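I opened this entry to look up how the chains are arranged and what lies around the DNA. My notes follow the display.

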Number of protein chains: 2
Amino acid sequence: MDRTPPQPERAIARKRRRRPTKSGVVLSHELIVDTAIRLLNQGGGDDALTVRRLGTALGADPSSIYRYFRDTDDLVLAVADELIGRTLAGTRRDGGWRERLRHVGEHLHATYVAHPKVALLAASRVTRRPNEIRAVETGLAIFREAGFPPDLAARHYHQFVDLTLGFAALDAAANALPPEAAAADRAAWTATYARLDPRTHPHISACAVPLAKTMVTSAYPGALALFLDGLEARLAEVTAPGTGR
Amino acid sequence: MDRTPPQPERAIARKRRRRPTKSGVVLSHELIVDTAIRLLNQGGGDDALTVRRLGTALGADPSSIYRYFRDTDDLVLAVADELIGRTLAGTRRDGGWRERLRHVGEHLHATYVAHPKVALLAASRVTRRPNEIRAVETGLAIFREAGFPPDLAARHYHQFVDLTLGFAALDAAANALPPEAAAADRAAWTATYARLDPRTHPHISACAVPLAKTMVTSAYPGALALFLDGLEARLAEVTAPGTGR
DNA sequence: TTCTGTGGTCAATGGCGTTGTCATAAGGTG
DNA sequence: CACCTTATGACAACGCCATTGACCACAGAA
């Protein structure tokens, strides 16, 4: 049947046959990805992105999408790469390594949290697409210019990215919950945890107020700061004037 | 219709009507949760846990499950709480605060990674159930006994838990991928990234070998170590003999 | 023994991703 | 300009999913 689309990369060589859809729209990879992101933006509850919904949003039959993407997984990876690209475009390249890492981390985190559905599907994937590759190159550069040798740069880059994506996935999941579940989760800290008996749960009781305050916000900035503190200490060891030998 | 099950807590008071199912099994909250975990354990591809599959695994009609859980979300929270309980049961309570945090963190991480499907669904949820409450109490205790005042204990506890759950969600997602996607993601680092042109991607090329090595393992232990380093420094500030005033 | 209402079953609804098949117009060719 | 090829859009169908309403068997209280 060969419904599977051609090689995603070298499709540029051949000119596509741009037959318009019934409603007059001309489909393309980019249009589909953009529409998918638009769908995900306007939220629309739990499962904003479905092939069928995307089809009607495009003014095309849902099955047309399979001419451009092998399956939903393929589509999601393309959307993820587009988001990485947008994040990359918005980050500055000046300042010290610590400041740059903080900036790019919070930027990436914010992008994913703003698009919870993609984040959940894509945070742990390797897209192998151009924007991701550029992002890896840029990220590694920060670590190496800070003074880390290749093996430590790779290791700490990995830790940094997964830390950011992990928090992003977590916070995105909280954002993607159906409203009533989200409300219940948020209310738990004042409704359930703050009311426990101090004799059976002394520490929860003692921390009830700050707990309720911290639990409804993201712990990412604080955790990142601690991580960067640790990184700074390690860097001092690496670049210290010969302590041994 | 009132299919919604009674209050999950005080169901103990009333004796349940234990009518056996067609195939002879007697249903209960525990049996359903255990069977769900068993289903999730044996993997079975992408969506191991569906109400229908769970029904047949139980030898009961799928709709029976709705007599015990309001919906799948409710069931997932119960499964998550059971996993938290199992984790809690396996953790030791001796040693210094740093050692205890490392131990409980890696334990929790391992439990979730071993049950990727639940992890993905539950990592960001607040179950409000007994085991979770015990876990919060235990976790807070470690921070307060280390010397953190209530507000810092709450904040850093939150950071620690979300750090762990975030990595757990990420690593679990990688484990939950259909085999061919997982293989493609793993191969990317040697097949795609290691082959890039050193002139256009100098840093990736320079780090290709350590990158390929680190990317196929979890970055959690290393990231946790750095986080704990940072935490230790903060604790020193807090407990230091009056530096100011 | 009778009565009550819990809880197991059946059937149906409306959604989903995906695919087999067909039809048609775009683009190259002369 | 007409022809042919084939990329690509549309349709219909399949099998899966979660959830619900109606029915009724039977366990336990009286």
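**Symmetry**

I superposed chain A on chain B: a turn of 180 degrees and a shift of 0.0 Å along the axis lay one on the other with an RMSD of 0.2 Å. That is the relation of a two-fold axis. The model is a predicted one.

I then looked for the residue of chain A that comes closest to the rotation axis, and found A:Gly166, with its C-alpha at 2.0 Å. I also checked whether both copies use the same surface; they do, since 100% of the contact residues of chain A recur in chain B.

**Chain A against chain B**

I looked up the contacts between the two chains: 49 residues of chain A are in contact with 49 residues of chain B. On the side of chain A that touches chain B, the elements giving two or more residues are helices H6 (130–146), H7 (150–176), H8 (179–191), H9 (202–206), H10 (208–215) and H11 (220–239) of chain A. H7(A) supplies the largest share of that side, 16 residues. Sorted by class, the side of chain A that touches chain B has 29 nonpolar, 10 polar and 10 charged residues.

**Around DNA strand D**

Next I asked which residues surround DNA strand D. There are 25, and the closest are A:Lys22, A:Ser63, B:Thr50, B:Ser63 and B:Asp71. For the surface near DNA strand D, I noted that helix H2 (residues 51–58) of chain B gives the largest share, three residues. By class I recorded 13 charged, six polar and six nonpolar residues on the surface near DNA strand D.

Key:
Residues are numbered from 1 along each chain as its sequence is written. Chains are lettered from A and ligands numbered from 1 in the order in which they are written. This is a predicted model: local features need pLDDT of at least 70, side-chain atom pairs count only at pLDDT 80 or more; totals for chains, interfaces and linings use all residues. Two residues are in contact if their C-beta atoms, placed from the backbone, lie within 7 Å. Helices (H or I, at least four residues) and strands (E, at least two) are DSSP runs, numbered from the N terminus. Ala, Val, Leu, Ile, Met, Phe, Trp, Tyr, Cys and Pro count as nonpolar, Asp, Glu, Lys and Arg as charged, and the others, Gly among them, as polar. A residue is near a molecule or strand if its C-beta atom, placed from the backbone, lies within 6 Å of it. Copies are superposed by least squares on the C-alpha atoms of residues with pLDDT of at least 70 in both.
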